[in-house]
Amino acid sequence: MTPSQRPDPPSARIDPRRPPEPYLSFWRERHLCTLTTLRPDGTPHVVPVGVTYDPEAGVARVLARKTSRKVAHILAAADGGGAAGARVAVCQFAGRRWATLEGRATIRTEPAAIEEAELRYEERYERRPSPNPDRVLIEIKVTRALGKAGGTPGA
């Protein structure tokens with residue numbers, strides 16, 4: 001059986017606080033990602049975003065405009081009794097490699113938190129986000145990590 005004929009191994013569940021180096025390296029590469037939030041009717045809303053991942057803190061960060069639908073969905077879920085935050089997922093892929101982080105998102109407005117997120121974004125995406133007085137931070141407390149990022153179990 002040739003490598004292209006072999007079935008793909010199952011995806012791996014990763015420890016989000018101690019991901020293997022290939023998985024973490026994949027999150028350091030410059031890739032466009034998606035953020036999935038849930039609309040009030042429960043249907044998914046998927047949009048392209050830039051994401052940074054900080055496994056030591058157990059957090060993924062997404063910069064957003066405070067009037068965006070994704071922010072509205074997160075706030076609506078919190079208003080609906082989701083004090084721990086709205087369930088969300090961020091995902092990226094390149095070829096056969098992929099990585100997903102799932103967790104609970106909250107909206108942060110503190111200037112220091114937004115500044116830290118901007119610096120992390122600049123490090124990953126090699127450009128500083130343009131100034132935006134309407135910027136907020138979507139902070140995701142990561143509860144699950146999955147993927148096939150080369151070198152990870154199941155990759």
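The following legends describe close-up views of a predicted model.

**Figure 1. The surroundings of Thr100 in strand β7.** Strand β7 spans residues 97-108, and Thr100 is part of it. Is Thr100 buried or exposed? Its relative accessible area is 11%, and because buried means under 20%, Thr100 counts as buried. Residues that touch Thr100, leaving aside those up to four places away in sequence, are Tyr23, Trp27, Ala89, Val90, Cys91, Arg144, Ala145 and Leu146. One of these contacts is Val90. Thr100 and Val90 are separated by 10 residues in sequence, while their C-alpha atoms are 5.6 Å apart in space.

**Figure 2. Helix α3 and its two sides.** Helix α3 contains 15 residues, which at 1.5 Å a residue should span 21 Å. The C-alpha atoms at its ends are 20 Å apart, and this agrees with the expected span. Which residues of α3 are buried? They are Ala113, Ile114, Ala117, Glu118, Tyr121, Arg124 and Tyr125. These residues cover an arc of only 135° around the axis, and therefore lie on the same side of α3. An α-helix has 3.6 residues a turn, so residues three or four places apart point the same way. On the other side of α3, the exposed residues are Pro111, Ala112 and Glu123. After α3 comes Glu126, which has a positive phi, near 60°.

**Figure 3. The largest pocket.** The volume of the largest pocket is about 410 Å³. Three elements each give two or more residues to its lining: β3 (44-49), β5 (59-65) and α3 (111-125). Which of the elements provides the largest share of this lining? That element is β5, with 4 residues. In total, 19 residues line the largest pocket, and those nearest its centre are Val49, Gly50, Leu63, Tyr121 and Arg127. By type, the lining of the largest pocket consists of 9 nonpolar, 5 polar and 5 charged residues.

**Figure 4. The second largest pocket.** The second largest pocket has a volume of about 330 Å³. Its lining is made of Arg17, Leu24, Trp27, Arg28, Thr52, Tyr53, Asp54, Pro55, Glu56, Arg120, Glu123 and Arg124. Two or more of the lining residues come from each of α1 (21-28), β4 (52-54) and α3. How many residues of this lining are charged? The lining of the second largest pocket has 7 charged residues, together with 4 nonpolar and 1 polar. Among the lining residues is Trp27, which also touches Thr100. Two others are Arg124 and Glu123; within α3, Arg124 is buried, whereas Glu123 is exposed.

**Figure 5. The largest cavity.** How many cavities of 30 Å³ or more are found in the whole structure? The search finds 1 such cavity. The volume of the largest cavity is about 40 Å³. Gly50, Val51, Thr52, Arg61, Val62, Leu63, Ala117 and Tyr121 form its lining. At least two of the lining residues are supplied by β5, and at least two by α3. The element that gives the most is β5, with 3 residues. The lining of the largest cavity divides into 5 nonpolar residues, 2 polar residues and 1 charged residue. Gly50, Leu63 and Tyr121 line this cavity, and they are also among the residues nearest the centre of the largest pocket. Ala117 and Tyr121 from the cavity lining are buried residues of α3.

Key
Residues numbered from 1 in each chain as written. Predicted model: local features only at pLDDT ≥ 70, side-chain atom pairs only at ≥ 80, totals over all residues. Heavy atoms only, no water. Buried < 20%, exposed > 50% of the residue type's maximum accessible area, 1.4 Å probe, protein only. Contact = heavy atoms within 4.5 Å. 1 Å grid on protein atoms, 1.4 Å probe; cavity = no way out; pocket = protein on both sides within 12 Å on 5 of 7 lines; lining within 4 Å. Points joined across faces, edges and corners; volume = space filled by probe spheres on them. Nonpolar A, V, L, I, M, F, W, Y, C, P; charged D, E, K, R; others polar. Expected span 1.5 Å × (residues − 1). Arc of directions from axis to C-beta.
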